[in-house]
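Reader: I have the sequence and the coordinates open and would like to walk through them with you. Could we take it one question at a time?

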Amino acid sequence: MRAIVAGFGSAGKRHLSNLLDLEGMEVVTVLTSRCSGEWSGPPSIKFIGSIDKVGKRGAPSGADFAILANETGKHLETAVALAERGIDLFIEKPLSHSLEGVESLVDAVRESGVRVFMAYNMRFMGAIRRLKEELNRGAVGAPYFARIEAGLFLPHWRPGSDYRKGYSASRERGGGVHLDLSHELDYMRFLFGDPLSWKTARAGVSSLEIDSEDVFEGIYRYEDGFICSVHLDYLQRRKTRKIIVVGSLGRLECDLVEGRIVLEAKGRTERIEDESLFGLDGTYKDELRYFLGALSRGEDPEPGLHDGIAVLRLLEDSSVRQ
């Protein structure tokens, strides 16, 4: 197999390391403007600075698939160029920083027939899958409402780097808490499906030296009356990531930071504190193996391009584009 990794930040380096652990990788080409000297890996890795040097699939300078881990604001441009070369796509979330231009990728994918995977790795997290199992078996009965909350102080997010210089700080480069933490909207869809209508608000409310939004609120109404609210922020100094679901039979709470699921239903309380359910590191390898397996079976991987577009639609009011 031959692969391209677009972007050489922390996400790109993680994907590159995971690729090198796979059997059958022949060449990995890293597309980046950064200095190749940062990497001291095996010689099977090539560094290029322009996508113009990437050939069509099957050509010596081409690849079988590409992992897009560059800045969010460059995802669409890169994805379209690679799709036109017949190269399957593994795209780090979110799909883009807005819906503008998404149709160009839809057209390129349709014409080329390439497969697209959206790397929402939290779908591969044991705790999220356990929640889905509990909801599917009716552990809390008919869901009435849910609350999803994720917050982390941006200056603490990437130790050793200046938050003011990262892409998260820049709206133009694809920053903003609603984009960085769009995982929460993806697993809301994974757990509950697509809402019928919604209202959102986002703003920059803090003194952080950024021009992107640091707070997001979304209220999502489902056809059966169920409501899910989603709060995201760059501001909480104590990292928070949790989900609460209240239904006709009880309450389900999952704290992804503390590593705990608590189910209260029918007069009983069950606590689940299995560490294996809460690890994130393994999800990155799991999603990569799943993606490659889907390609080998000739299947469209999930979440796919339509899921990436669906999440972007959830970031603005449903009335805007319906």
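**Buried cysteines and the rest of the fold**

Author: Let's start with a cysteine: C254 is buried, with a relative accessible area of 0%. Keep in mind that this is a predicted model.

Reader: How far is the sulfur of C254 from the closest cysteine sulfur, and in which residue is that?
Author: A disulfide needs the two sulfur atoms within 2.5 Å. The closest cysteine sulfur to that of C254 is too far away for a bond. The distance is 13 Å, and the partner is C228.

Reader: Is C228 buried or exposed?
Author: The cut-off for buried is under 20% relative accessible area. C228 has 0% relative accessibility, so C228 counts as buried.

Reader: How many disulfides does the structure hold, then?
Author: Looking from C228, the closest cysteine sulfur is the one in C254, and at 13 Å that is too far for a bond. The number of disulfides in the structure is zero.

Reader: Zooming out, how many helices and strands are there in the protein?
Author: The C-alpha trace spans about 65 × 45 × 40 Å along its principal axes. Among contacts between residues at least 6 apart in sequence, 67% join residues at least 24 apart. As for the elements in the protein, there are nine helices and 14 strands.

Reader: What is the radius of gyration of the protein?
Author: The globule rule gives 20 Å for 322 residues. The protein comes out close to that, so it is as compact as a globular protein of that length. Its radius of gyration is 20 Å.

Reader: And what percentage of the residues count as buried?
Author: The bar here is under 20% relative accessible area. Of the 322 residues of the protein, the share that counts as buried is 53%.

Reader: Why is helix α2 described as largely enclosed by the rest of the structure?
Author: Helix α2 runs over residues 75-83. Its buried residues are H75, L76, T78, A79, V80, A81, L82 and A83. The helix is largely enclosed because the buried ones make up eight of the nine residues.

Reader: Which elements cover the buried residues of α2?
Author: The cover includes strands and a helix. Among the strands are β1 (2-6), β4 (65-68) and β5 (88-92). The helix in the cover is α3 (102-112).

Reader: How is α3 oriented relative to α8?
Author: Two packed helices are described by the angle between their axes and the distance between the axes. The axes of α3 and α8 (residues 305-313) come within 11 Å and cross at roughly 170°. The bar for roughly antiparallel is over 145 degrees, so α3 is roughly antiparallel to α8.

Reader: Which residues make that contact, and how do they divide into nonpolar, polar and charged?
Author: From α3 come V102, L105, V106 and V109, and α8 brings L305, I309 and L312. Sorted by type, the residues of the contact are seven nonpolar, no polar and no charged.

Reader: Which peptide bonds are cis?
Author: One of them leads into P94, in the loop between β5 and α3. Another leads into P303, in the loop between α7 (281-297) and α8. Omega is about -15° for the bond joining K93 and P94, and near 0° for the cis bond from E302 to P303.

Reader: What is phi of K266?
Author: K266 is in the loop between β13 (260-265) and β14 (268-272). With a relative accessible area of 67%, K266 is exposed. Its phi is positive, in a residue other than glycine, and is near 55°.

Reader: Is R221 buried, partly exposed or exposed?
Author: R221 is found in strand β9 (residues 215-221). Not counting residues up to four places away in sequence, R221 touches P195, L196, S197, F226 and I227. Its relative accessibility is 42%, between the cut-offs of 20% and 50%, so R221 counts as partly exposed.

Reader: Last one: which residues is T200 in contact with, leaving aside its neighbours within four places in sequence?
Author: T200 is found in strand β8 (residues 197-203). Contact here takes heavy atoms within 4.5 Å. By that test the residues are F216, E217, G218, Y220, L314, L315, E316 and D317.

Key
Residues numbered from 1 in each chain as written. Predicted model: local features only at pLDDT ≥ 70, side-chain atom pairs only at ≥ 80, totals over all residues. Heavy atoms only, no water. Buried < 20%, exposed > 50% of the residue type's maximum accessible area, 1.4 Å probe, protein only. Helix = DSSP H or I, 4+ residues; strand = E, 2+ residues; numbered from the N terminus. Axes fitted to C-alpha atoms, helices over the stretch in contact; angles between N-to-C directions. Parallel < 35°, antiparallel > 145°, perpendicular 65-115°, else oblique. Nonpolar A, V, L, I, M, F, W, Y, C, P; charged D, E, K, R; others polar. Rg over C-alpha atoms; globule rule 2.2 N^0.38 Å.
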